Every structure is written in structure tokens, then in C-alpha cells.
Amino acid sequence: MSTRMLTFVDVDQQMPQKRGAKARARDFDEIYDEFLTEEAAKQASRCSQCGVPFCQIHCPLGNNIPDWLKLTAEGRLEEAYEVSSATNNMPEVCGRICPQDRLCEGNCVIEKGFNSVTIGSVEKYITDTAWQNGWIKPIEPRVERDHSVGIVGGGPGGLAAAEELRKRGYQVHVYDRYDRMGGLLIYGIPNFKLEKEVVTRRVERLEKSGVVMHTNFEVGRDASLAELKVKHDAVLIATGVYKARDVQMPGIGLKNIVPAMSYLTASNRKGLGDDVPSFEDGSLDAADKNIVVIGGGDTAMDCVRTAVRQGAKSVKCLYRRDRENMPGSMREVKHAEEEGVKFIWLSAPSAFLGDDVVTGVRAQKMRLGMPDASGRQSPEPVKGSTSNHKADLVIKALGFDPEEIPTLFGAPALDVSRWGTIKIDFRTMMTSIDGVFAAGDIVRGASLVVWAIRDGRDAANAIHDYIEAKAIREQLIAKAS
Ligand SMILES: Cc1cc2nc3c(=O)[nH]c(=O)nc-3n(C[C@H](O)[C@H](O)[C@H](O)COP(=O)(O)OP(=O)(O)OC[C@H]3O[C@@H](n4cnc5c(N)ncnc54)[C@H](O)[C@@H]3O)c2cc1C
Ligand code: SF4
């Protein structure tokens with residue numbers, strides 16, 4: 001069956017229906033509805049099937065986007081799913097939360113004047129349809145291998161590696177210090193961007209596929225890295241980055257100034273039905289409070305939008321650069337603005353106000369000066385220009401650094417960079433310790449889900465090569481002796 005593609009000249013870009021800002025601010029459900037089949041096909045048919053697909057080049061997973069768009073346009077959804085899942089372990093997660101404006105869609109060649117193909121929404125639609133139709137089954141490896149791999153961290157990086165290794169028949173064990181698998185997909189990213197069911201069905205599928213999940217297992221407390229090495233033929237570290245960056249300024253010790261992850265984890269736990277004393281007693285609940293969030297990344301956007309949904313009186317976001325220089329996705333900023341969040345651009349906190357409990361934030365006006373070593377313009381203070389902002393709860397979303405993994409894991413031989421990220425040989429994904437690999441945020445620093453998946457897949461391939469090579473070496477030695 002052949003369907004007309006290149007319809008972008010006649011068919012306008014159309015995202016799935018977005019719920020109105022007022023309605024969505026009352027709950028934590030995802031904000032986009034699902035595409036209807038004919039809408040998905042119509043949007044997919046806008047693809048120009050260009051010879052050099054920049055969307056694919058700019059997707060960290062190298063997804064075969066034009067192919068699955070064509071199959072969707074032709075109504076061949078099961079095949080579209082096969083193609084899409086061949087390069088991505090969680091297409092429906094990436095379709096929901098990738099910053100497509102900076103990746104695939106931002107590089108679509110029909111963009112100029114016509115608006116890009118809605119790649120992320122079609123990707124989500126294909127895989128959600130696959131789940132609904134029962135096309136996604138537990139993995140049945142063709143061969144079972146005796147070799148086992150231990151994965152520390154059940155976030156997207158660790159889970160992608162687990163799936164790839166299990167497909168090859170390895171005995172895979174995932175260790176995570178949380179009580180649920182999923183990492184930041186569960187405890188960081190809020191429901192309105194990614195409903196938890198989407199993550200848990202992935203984890204359940206892996207369990208049904210034979211991957212052994214060890215929750216509440218903290219490496220460093222419940223086992224050292226050396227102990228895991230003895231148990232497994234290879235170990236992958238995919239622990240993410242969790243040390244919250246802080247600010248030092250007058251008033252920092254006041255009550256009700258909290259780190260973003262504590263705030264978001266409490267809200268996510270509440271949504272999952274857990275008992276959360278720090279939420280019940282009001283300390284991590286924004287209801288009826290004036291909220292100030294400090295920061296301009298994805299985490300800050302998630303905090304402001306969570307506060308809106310909890311019924312905050314007012315929500316402000318202080319960011320020291322301007323809108324164009326925000327690290328967060330522009331789409332998220334737009335959603336937040338629609339939901340009533342006020343952005344105070346070019347403003348950096350200079351003091352927290354109050355006696356015992358915070359009552360406000362003093363902000364210093366900034367301007368953008370000369371570019372720094374990274375090429376970004378550095379913010380510098382505008383003398384004599386400050387403003388005060390009322391706050392009953394201040395949320396610090398200033399970014400994350402790695403924890404001290406060599407010390408925590410009792411592994412001083414594990415080399416880290418000057419930022420504390422684990423050093424690997426990028427050709428082999430191996431750390432400075434033989435048989436120990438690393439992937440995801442703990443290697444890159446705080447990054448994106450799609451990059452963690454990519455790294456997890458690369459690490460799985462590298463681990464397979466390592467174990468195979470070792471087995472051959474051992475056979476040769478046995479033969480020779
Ligand atoms: C609030 C927030 C919002 C974000 N929004 C987006 C977004 O919209 N789009 C996007 O692409 N990215 C987003 N990101 C970034 C994205 O979530 C991360 O890049 C991604 O989750 C990294 O995956 P990972 O597997 O490396 O680590 P993680 O997801 O952090 O998983 C690491 C896992 O390791 C476990 N662990 C850590 N130490 C130990 C130990 N000692 N023993 C056992 N287990 C351990 C942790 O409990 C965790 O489950 C967001 C991040 C945050 C914080
Ligand atoms: S994985 Fe992300 S970047 Fe790649 S096609 Fe999907 S939405 Fe785009």
C-alpha cells in the first residue's frame with residue numbers, strides 16, 4: 001500500500017489535543033490527549049521523506065524516523081512499532097518527554113515556514129497503540145547464558161541496558177536503592193509529563209522477561225562494588241546524579257527553603273498513594289502558599305507546574321538569564337506560562353528574608369555580559385537594582401552533581417572526572433576497573449532520558465563484547481594448559 005507523503009504543503013502541523021490550562025491545573029494527568037488513528041496518519045504523512053533525514057541524525061538514538069512515519073501514514077502500525085522499537089527501549093517515554101524542539105523536530109527540514117512533523121507525538125502514539133493491542137510481549141531469549149550482569153541503578157539507562165542484555169540471554173540483576181524501579185522517571189518527572197503507569201508497565205515487562213529486580217538495595221550500604229564484581233561477570237553503574245547544588249547567601253538557614261528533588265519526590269510519592277509525612281504536615285505541599293522556584297532547567301519547570309497543581313496562591317520562577325538562554329525546554333516554559341506561572345527573568349536570588357521561617361526572596365537584577373568558556377553569555381549584576389518577592393516556600397532547582405561514588409562504593413580505584421562523573425573509555429564504556437562499566441547521567445552529568453537510553457544500549461553491547469572476549473580467552477588458556 002502506498003500513501004501520499006509530503007503533505008506538509010496542504011496539512012498544517014497539529015499536536016494532539018491539549019487540555020485547557022485551567023482544567024489541567026486541577027489534576028496531575030498528562031496534558032495531551034492521544035492522537036486519533038486518522039490524525040496520527042495525517043500528521044505522519046506530512047514527512048517529506050527527505051534523502052538526508054536531519055531528524056534522525058539529531059535523535060540521540062538514531063531512530064529511523066522517516067520509515068516509521070511512512071508506515072504510520074500507511075496504517076501499518078505494527079510494522080511501525082517494530083521499526084521504532086528496534087532502536088529505542090522506551091519510545092513512548094521519549095515521545096512524551098524528549099525536548100523535541102532541540103532534537104528531532106527542531107531539525108526537521110520542512111520546519112522553515114511549515115512547522116516540523118510532530119515526531120514525538122507520533123512516536124508515542126505508535127507505542128501506546130502497541131501496548132493496547134498486546135504487541136509488546138515479554139522477552140524470550142533464543143539462548144540462555146550462564147553469565148550474569150549486575151546493574152546498579154534502575155533508571156532509564158540501567159533499564160535499557162537490562163533489556164538489551166536479557167535479549168541476548170544474560171542473567172540480569174538490577175539493584176536500586178529506591179523502593180520502585182524507574183529512577184527519575186518515577187520520582188523526579190511529574191505525572192503530568194509522564195504518567196507512572198507508562199513506566200511501571202515497562203518494569204513489569206522486564207520482570208516477566210526474567211530480569212531480577214532488587215529494590216531497596218543500596219550499593220555502598222548493602223554491598224560494595226567488589227562484592228558485586230564477585231557475584232557477576234560484569235557490573236554496570238547507572239546511578240544518575242543526585243547531589244543537589246546549593247546557594248550560599250543571607251537567610252539560607254531559614255525554614256521552608258527546600259531542594260527540588262525532596263519537593264518533587266514527595267509529590268510523586270503522594271500521587272503513587274504512599275504515606276508522605278512531609279507532605280501531610282504541609283512542609284512540602286504548596287497549597288495556599290506563595291511559591292518561589294529558583295532555577296531555569298527542566299527541574300524548575302516541573303516544580304512550578306507541580307506547585308500550580310497543588311493549589312499554590314502564587315508561583316514565581318526566578319532565573320538569572322533570559323528566556324532565550326534557559327536550559328529548560330521552550331515547550332515547558334510555554335505550558336507553565338499558560339498555567340499561570342510568572343517568570344522573573346534576569347533575576348538571581350541575593351538573600352532569603354524572614355526571621356525563623358522564610359517570608360520572601362530578594363532578587364538581584366542581572367544583565368547578560370560577555371560569553372564564558374562554554375560560549376554562553378555570563379549573567380552579571382545590575383548595580384542598585386533589587387526586588388523582593390513574597391514566599392512561604394522556596395524551592396531550589398539549581399542542578400545536580402554526582403555523589404562521591406568511589407568513596408560510597410568502597411572503590412578508590414574507580415576514576416572520576418574533576419566534576420565527579422565516572423570516567424569511561426568511550427569505545428568500550430568501561431571504567432578504570434576491569435569489568436565495570438558506566439552509563440547515563442553518572443557519566444555525562446545531568447542530561448536527558450534519551451541519552452541515558454542510548455548509553456544503556458551502548459553499554460549492553462560493550463558488556464556483551466567483553467564477556468564474549470573473556471570467555472574465548474579462557475577457552476584458549478584451558479586448551480593450552
Ligand atoms: C525533575 C527532573 C525532570 C526532568 N525532566 C526531563 C525531561 O522532561 N526530559 C528528559 O529527557 N530528561 C529529563 N530529566 C533528566 C532525566 O530524568 C535524566 O537524564 C535520566 O533519568 C538519567 O537516567 P539515569 O538512568 O542515568 O539515572 P536516573 O534516572 O537518575 O536513575 C538512577 C537510579 O540509580 C539509583 N541509585 C543511585 N545510587 C544508587 C546506589 N548507591 N545503589 C543503588 N541504586 C542507586 C537511583 O535510585 C535511581 O533509581 C529530568 C530530570 C529531573 C531531575
Ligand atoms: S527519541 Fe526523542 S529525539 Fe529521538 S525521535 Fe523520539 S522524540 Fe525525537
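**Two sheets, a pocket and a ligand shell**

Let's start with an open sheet of three strands, arranged in the order 10-11-12 with antiparallel pairing. Its edges are strand 10 (347-353) and strand 12 (377-390); each has a single partner strand, so one side of each is left without a neighbour in the sheet. From one strand to the next, the twist averages 20°. Keep in mind as you look around that this is a predicted model.

Now take the pairings of this sheet one by one. Strand 10 and strand 11 (residues 360-371) run antiparallel and are joined by six bridges. If you would like a landmark here, find Pro 349, which stands opposite Ala 363 in strand 11. Strand 11 is also joined to strand 12, again in the antiparallel sense, and this time by nine bridges. The landmark for that pairing is Arg 362, with Asn 388 of strand 12 opposite. Strand 11 and strand 12 form a hairpin with five residues between the strands, and in this hairpin Gly 375 adopts a positive phi near 95°. A general point helps when you view any such sheet from the side: in a regular strand, side chains alternate between the two faces of the sheet.

The next stop is another open sheet, built from five strands in the order 3-2-1-4-15, with parallel pairing. Here strand 3 (212-214) and strand 15 (436-438) stand at the edges, and because each has a single partner strand, one side of each is left without a neighbour in the sheet. Neighbouring strands of this sheet are turned by 20° against each other on average, direction ignored.

Within this sheet, strand 1 (residues 148-152) pairs with strand 4 (residues 234-237) over four bridges, in the parallel sense. Gly 150 has Val 235 of strand 4 opposite. Lying across strand 1, strand 4 and strand 15 is helix 19 (residues 449-480), which runs at about 160° to strand 4.

From the sheets we can turn to empty space. The second largest pocket has a volume of about 290 Å³. It is lined by 14 residues, of which Gln 13, Met 15, Asp 101, Glu 105 and Arg 331 are the closest to its centre. Which helix provides the largest share of the lining? That is helix 16 (residues 330-338), with four residues. By class, the lining of this pocket comprises six charged, five polar and three nonpolar residues.

Finally, have a look at ligand 2. The residues around ligand 2 include four cysteines, Cys 59, Cys 94, Cys 98 and Cys 104. Also surrounding ligand 2 are Asn 63, Ile 65, Asn 88, Gln 100, Leu 103, Ile 119, Glu 123 and Val 450. By class, this shell divides into eight nonpolar residues, three polar and one charged.

Note on methods. Residues are numbered from 1 along each chain as its sequence is written. Chains are lettered from A and ligands numbered from 1 in the order in which they are written. This is a predicted model: local features need pLDDT of at least 70, side-chain atom pairs count only at pLDDT 80 or more; totals for chains, interfaces and linings use all residues. Side-chain values use heavy atoms; hydrogens and water are left out. On a 1 Å grid over the protein atoms alone, a cavity is a set of points where a 1.4 Å probe fits but cannot get out, and a pocket is an open set with protein on both sides within 12 Å along at least five of seven lines; lining residues have an atom within 4 Å of a point. Grid points are joined across faces, edges and corners, and a volume is the space filled by probe spheres set on the points. Helices (H or I, at least four residues) and strands (E, at least two) are DSSP runs, numbered from the N terminus. Ala, Val, Leu, Ile, Met, Phe, Trp, Tyr, Cys and Pro count as nonpolar, Asp, Glu, Lys and Arg as charged, and the others, Gly among them, as polar. A residue is near a molecule or strand if one of its heavy atoms lies within 4 Å of it. Two strands pair if DSSP finds at least two bridges between them. Axes are lines fitted to C-alpha atoms, for helices over the stretch in contact, and angles run from 0 to 180 degrees between N-to-C directions. Contact means heavy atoms within 4.5 Å.
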